[in-house]
Amino acid sequence: MITMQRNPHLEVSEHRVAIRTLLSESIRIYAGLTHELKRSRPDKVYVYNGRYSFCRAVLRACQHCGVEVYVHELGADQSKYMLVKNVLPHDIGNFLAGARVSWEAADPATRNRVVANLYATRRAGQQGAWFSFIDQQNAAELPPGWNPNSHNIVIFNSSDDEFAAIGDEWKNPLYESQGVGIERITSALSTRPDIQVYLRIHPNLRGVDNPDTKRLFNLSQPNLHIIAPESPISTYALMDAADTIISFGSTAGMEAAYAGKPVILAAQCLYRALGSAYTPGSHEELLRLCEPGLAPLPREGSCIYGYYLATYGEPRQYYKSTGVIEGSFNGKPLKANLITARLAKSLNGRLSRALGRIYFHAHKFAWAVISRTMRRLG
């Protein structure tokens, strides 16, 4: 429901019918698959992503029955896929272990070239595995009135609805939500005329209307400048001109660290333990780090993170991608239908409620058919 609504703070009562349906179908999948796993004892099970309710039911059933389950997802680019064993792809410990092993096993000269190329291509708007978030920005454009003589702090937030339902390990260690955190930070700094704060709202939040985005757009402080998701102001021009970066978990935090900027991390994320960003233990400590003169940390953590982003996964053998949602299987072209194509385009920050309902009812119907079939089979 969070994914369909793009809202990590759902009012359950407003969506009780849909939530009840999702719960019911997930329980049926879990119960039916648990029965089948105990009966047939397969060696392995494969499932996609694991985040969505129907996929999570498969993952939990396999874990309950002690059957190896491999969760598959897109790899570092469209030519690769990834597999993780018995966990979600979003598992922080598993990600860090893989990143460190991959870094240590690589030739130093090669891995440095790979990292440099990754961050350079991202600056050029080439995401590799997904849609570009900066394709509508103007290179080198800074906000009007930018004053290099001020202490300029740039905040990069993230679309935290993607991780809200993963588990407790993704809970923000400092704030109730990033909206609350940004409000507290900007309010505390509002009495400092020597500091200018620029909030770059993540382009993936374009068109998203939830309590956090409402809170952000309603912020008003004398030294706060809000940059809307659709703004042509350049993310990388902001990054390069800033004195200090505050990240709420987006990859921009590690890109800034790699570029030699002091980065303060105000959220839980995959790179929190890699050491290239300051990780304050309290709101008060974060504010102290916002003072002028903060030194950048060593950038090795950003290199480990970048190398893994550029290389993880296995090459596809049978499927060849010709785009984000197009490709061929064994040489035969596959075409996405109109609804799928429009849905994929909308995922670039514009997942509408209407498409969300289409997505929901399509899966509701599919899993209803599957669960009825499983009941007939006992």
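This passage describes the strands, salt bridges and cysteines of a predicted model.

Strands of a sheet pair through backbone hydrogen bonds, either parallel or antiparallel. Both senses of pairing occur around strand S2 (residues 68-74). Strand S1 (residues 44-48) runs parallel to S2, and five bridges join the two. Within this pairing, Val 45 has Val 69 of S2 as its bridge partner. S1, helix H3 (residues 53-65) and S2 together make a β-α-β unit, and the unit is right-handed. S2 also pairs with S3, here in the antiparallel sense and again over five bridges. Val 71 is matched with Val 84 in S3. Five residues lie between S2 and S3, and the two strands form a hairpin. S2 is largely enclosed by the rest of the structure, because five of its seven residues are buried.

A further group of strands forms an open sheet. Five strands take part, in the order S6-S5-S4-S7-S8, and their pairing is parallel. Strand S6 (224-227) and strand S8 (263-265) are the edge strands, each pairing on one side only. Neighbouring strands of the sheet are turned against each other by 20 degrees on average, direction ignored. Towards the S8 edge, strand S7 (residues 244-247) runs parallel to S8 and is joined to that strand by three bridges. Ile 245 stands opposite Val 263 in S8.

Side chains of opposite charge can pair when their charged atoms come close. Ten salt bridges were found in a search of the whole structure. One of them joins Arg 6 and Asp 161, with an N to O distance of 2.7 Å. This pair links distant parts of the chain, 155 residues apart. Arg 6 sits in the loop between helix H1 (2-5) and helix H2 (16-40). Asp 161 lies in the loop between strand S4 (151-156) and helix H6 (178-188). Arg 6 is buried, with a relative accessible area of 6%. Asp 161 is likewise buried, also at 6%.

A second salt bridge connects Glu 68 with Lys 85 at 3.1 Å, N to O. Glu 68 belongs to strand S2 and Lys 85 to strand S3 (residues 80-85), 17 residues apart. The salt bridge therefore links the two strands that form the hairpin. Glu 68 is partly exposed, with a relative accessible area of 28%. Lys 85 is partly exposed as well, at 42% relative accessibility.

Lys 214 and Asp 209 also meet in a salt bridge, at 2.6 Å from N to O. Lys 214 is partly exposed at 42%, and Asp 209 is partly exposed at 43%. Elsewhere, salt bridges that share partners join Arg 192, Asp 194 and Glu 291 into one network.

A disulfide is a covalent bond between the sulfur atoms of two cysteines. The count of disulfides in this model is zero. Cys 65 illustrates the reason. The closest cysteine sulfur to that of Cys 65 belongs to Cys 62, at 7.3 Å, which is too far for a bond. The cut-off applied is 2.5 Å between the sulfur atoms. Cys 65 counts as buried, at 11% relative accessibility. Cys 290 is buried too, at 1%.

Conventions: Residues numbered from 1 in each chain as written. Predicted model: local features only at pLDDT ≥ 70, side-chain atom pairs only at ≥ 80, totals over all residues. Heavy atoms only, no water. Pairing = 2+ DSSP bridges. Helix = DSSP H or I, 4+ residues; strand = E, 2+ residues; numbered from the N terminus. Axes fitted to C-alpha atoms, helices over the stretch in contact; angles between N-to-C directions. Buried < 20%, exposed > 50% of the residue type's maximum accessible area, 1.4 Å probe, protein only. Salt bridge = Lys/Arg side-chain N within 4 Å of Asp/Glu carboxyl O. Right-handed = clockwise from strand over helix to strand, strands pointing away.
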